[in-house]
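Trainee: I'm new to this structure and would like a close look at one part of it. Could you walk me through the charged pairs, and then what sits inside?

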Amino acid sequence: MRAVGFDVNGGPEVLRPVEIPVPRPGRGQVLIRVAYAGVNFGEVQHRLGDFGPPDGVAVPGLEVSGEVAALGPGILGLAPGDPVAAYLPNGGGYAEYAVAPAEFTYPLDGISVRDGGGAALVLTTAYGVLAGAARLAPGDTVLIHAAAGGVGSAAAQIARALGAAAVHGTVGSAAKADYAKRFGYDAVYLRPSFAAHVSELDIVLDPVGGPTRLASLSVLAPFGRLAVYGEAARLPDLELPVLPFWKNNRSLTGYNIGDLCRRAPDLVRSHALSALSLLASGAISLDITAELPLSAAAEAHATLQAGQNVGKTLLRVNSS
């Protein structure tokens, strides 16, 4: 089958077309004929080597949509031909067929297969970091860094749906600010100056790191939560003293879907189904801003790594 993979870590140019066997689903697994594969920063990290060197040809891709092609033993509630979206904790989505754990394979009831291609990871992360890590409650005020990205644009809408009283965002450019405003933000600020505009926030979501993370602590209200779920800036980790957390009534929390899927898979599934229900009802929407052929995976990675993307990018695989 056709796929895109890499056998050495490096820049986007290491991604190349490959031919590999169609995988076989084992017990508790679903074989999916992939229509669309979502493009995520985690796949950029995979290619760069943040998760270690590849063992042979590695095929990235953490979320897909398509139809069930075959079922491994022990699967109930799905049948060949069913439209589904799936989170792939071990990657493999940049291919004509992918194997997903059944617990992370979701029926697309009331959701198009195209939207499903960008939903399984992005919406689960956005919902999980808000409802799980940040413990959002009705009336909370929220600030979302990387407000124009796939997770950020979804998180703004989910925060509103869960009862947030105010939702602010930060971005890296004026053009991204104009784009982000369509998702219901009360205000969107350029990231370097955000701390001059907001204070006493209940929740800050940070996938960026570095100085942004440090400045975020200063704008928290009593019992405010800084929820970390990424390191897009790729800067050295902060070394934070503990005393200011108790002295200033602050909390630092984290969300990592890879760890959660190993230790609490039922919780991941619950977050995903809750988010997909909001999508199906029309309470939130997924803004797909780019749809490229599978062969253009390197182009998609280059745009994402350079921070030039907005919304969600999909790779088109078997979209017919």
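Mentor: Here is a walk through some salt bridges, followed by the nonpolar cores. Keep in mind that this is a predicted model. Searching the whole structure turns up 12 salt bridges. Let's start with Glu291, since it has two partners to look at.

One partner of Glu291 is Arg114: their side chains form a salt bridge, at 2.6 Å from N to O. Find Glu291 in strand S14, residues 288-293, and Arg114 in helix H2, residues 113-116; the two are 177 residues apart in sequence, so this pair ties together distant parts of the sequence. Neither end is buried, because Glu291 has 26% relative accessibility, which counts as partly exposed, and Arg114, at 33%, counts as partly exposed too.

Now turn to the other partner. Glu291 also meets Arg316 in a salt bridge, this time at 3.1 Å from N to O. Arg316 belongs to strand S15, residues 312-316, while Glu291 is in strand S14, so here the tied parts are 25 residues apart in sequence. With a relative accessible area of 29%, Arg316 is partly exposed. Put the pieces together and you get a network of salt bridges linking Arg114, Glu291 and Arg316. As a bit of background, side chains of opposite charge can pair when their charged atoms come close.

For another pair, go to Asp7 and Arg16. They form a salt bridge whose closest N and O atoms are 2.9 Å apart. Asp7 is partly exposed at 37% relative accessibility, and Arg16 is partly exposed as well, at 33%.

So much for charges; what about the inside? In soluble globular proteins, nonpolar side chains tend to be buried together. In this model, the largest nonpolar core has 58 residues, and the ones with the most contacts inside it are Leu123, Leu130, Tyr185 and Leu205. Helix H3, residues 122-133, gives the most to this core, contributing seven residues.

Leu130 is a good place to zoom in. Leaving aside residues up to four places away in sequence, Leu130 touches Arg135, Leu136, Val142, Ala155, Ile158, Ala159 and Leu205. Notice Leu205 in that list: it also appears among the residues with the most contacts inside the largest core. There is a second core too, separate from this one, with 35 residues, including Leu15, Val18, Val59 and Leu88.

To go over it again in the viewer, pick out the network of Arg114, Glu291 and Arg316, then follow the contacts of Leu130.

Notes. Residues numbered from 1 in each chain as written. Predicted model: local features only at pLDDT ≥ 70, side-chain atom pairs only at ≥ 80, totals over all residues. Heavy atoms only, no water. Core = buried A, V, L, I, M, F, W, Y, C linked by side-chain atoms within 4.5 Å. Buried < 20%, exposed > 50% of the residue type's maximum accessible area, 1.4 Å probe, protein only. Helix = DSSP H or I, 4+ residues; strand = E, 2+ residues; numbered from the N terminus. Contact = heavy atoms within 4.5 Å. Salt bridge = Lys/Arg side-chain N within 4 Å of Asp/Glu carboxyl O.
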